[in-house]
Amino acid sequence: MKRVVLLTAVMLVLTGCSGLKNIQDLSYIVAIGVDYDEAEEEFTIYLQGLNFSNVAKQEGTRSSEPIPNLIGVSKGKTINLAVGKLYKKSKPTLFYGHIKSVVVTENVLQHTFDDVLEVFGRNRSLRPNLLIFSTNEKLDEVFAAKGLYDYPPIYTVLLTEENHESLREEIGGTSLMRFRREYNEPMGAAMLPIISIDRHTWKGDDTNASLMISGLDLFQHGAYQGKVSGEKAIFTNWLNSSKSKINYDLYIDGDLVAVFYMTAGSLKKSFHGEEKDPEFDLKLNVQAELVEIIKSTSYDRLKEALGTSIEKDIRDLYEFGIREETDLLHVGDGYYRRHPKRYKELKNHYAFFLDSKSLQGTDVNVKISNFNTYNYEKEKKFD
């Protein structure tokens, strides 16, 4: 009798799985793109879908036939209405549990960014580590891009985990959770990576367009402040992420003399005085690897010039942030946490609080830890 009761109980539990679908019978949505038409007050939603065959492979092999990306497009007065229209027209069933990225256009940034952040932030079915990007490109072209050699989109920068690939990508993705936390703070800049399409680096057929992060959109206290691009964006990301590595060209008197590969520790800020506007010093420890010597230079001269050049770049970046009223170096993070009253005042009556005089001194300590095969005097090489 006990065995009958136990068997019946097991059957009742197992019947709860009868509604599950096989993994090959689902369309996996991995990215959502959002555009906005201000004149029509209407959203256009792009979904990037992958079939199980896009990613499944036997060990050491992959499909010989290229598998196209699936891109769904729909319009609606709200994001949820637009997505709902696509859901009704899609078989196999769309599955949203593996969404990894959200991409928004400049129209969204300019007209309805707060609303979009709230929609994605409130959706409990989305992961908190969801990546967020902006783009100036057409969203269907962004979602059509693949990895090199026709590899599926999961190998592009759009779908790589935050920080996981940042050592090689120089600028990595940022999670929606982290971005929203910084976006709503009155101090420190929130930075949104900009996705672009590179159509020129790799030659071949039309499938060689690849995705890259070309810059950062900047926000201060929830307001859009502009963008940085190119080398300045890479340097900004490097200073704010101790896991990032960069190539650094060293010039002396206008001539390129060496190339380094560098990592940096956390940028340390030390503040002066109490209960007054911030005055601070910056200190940065840098580990450098000598990649290439273009012009013969002594070790002492090389090390001194590298430290001086990084100090100048830090000050130039700080001044750029002052002009854009953006705290690119996150100076306010430390200052206002030490002064709760000032923090409360800032929250209630926000006004940008830094100027050129706030930054007093910069100290960059450079250690050249690897010279490859270049010969320098041993006693100076490891001082």
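Let me begin with Leu 328, which counts as buried because its relative accessibility is 2%, where buried means under 20% relative accessible area, exposed means over 50%, and partly exposed lies in between, with a 1.4 Å probe and protein chains only as cover. Before going on, I should say that this is a predicted model, in which local features need pLDDT of at least 70 and side-chain atom pairs count only at pLDDT 80 or more, while totals for chains, interfaces and linings use all residues. Residues are numbered from 1 along each chain as its sequence is written, and side-chain values use heavy atoms, with hydrogens and water left out.

Leu 328 is found in the loop between helix H10 and helix H11, the latter covering residues 331–338; helices here are DSSP runs of H or I with at least four residues, strands are E runs of at least two, and both are numbered from the N terminus. In sequence Leu 328 is 88 residues from Asn 240, yet their C-alpha atoms are 8.5 Å apart in space.

The loop between H10 and H11 also holds Glu 325, which is not a glycine and nevertheless has a positive phi of about 50 degrees. Glu 325 is partly exposed, because its relative accessibility is 45%. His 330 lies in that loop between H10 and H11 as well, and its phi, near 55 degrees, is again a positive value in a residue other than glycine. Is His 330 buried or exposed? His 330 counts as buried, since its relative accessibility is 12%.

Moving back along the chain, Arg 323 belongs to helix H10, which spans residues 299–323, and at 60% relative accessibility Arg 323 counts as exposed. Its C-alpha atom is separated by 8.8 Å from that of Asp 355, with the two positions 32 residues apart along the chain counted as their separation.

Now to the strands, where two strands are said to pair if DSSP finds at least two bridges between them. Strand E11, residues 245–252, pairs with E12 in the antiparallel sense over eight bridges, and Asn 247 stands opposite Tyr 261 in E12. E11 and E12 form a hairpin with two residues between them, and Asp 253 in the turn has a positive phi of about 50 degrees. In a regular strand the side chains alternate between the two faces of the sheet. In E11, the covered face has Ile 246, Tyr 248, Leu 250 and Ile 252, whereas the uncovered one has Lys 245, Asn 247, Asp 249 and Tyr 251.

Which strands does E14 pair with, beginning with E12? Strand E12, residues 255–264, runs antiparallel to E14, residues 280–293, and seven bridges join them, with Val 286 in E14 as the bridge partner of Ala 264. Strand E13, residues 268–271, is likewise antiparallel to E14, over four bridges, and there Lys 268 stands opposite Lys 283. With strand E15, residues 359–370, E14 pairs in the parallel sense over ten bridges, and Leu 282 stands opposite Thr 362.Finally, Glu 40 is found in the loop between strand E1 (26–37) and strand E2 (42–50), and Glu 40 counts as partly exposed because its relative accessibility is 48%.
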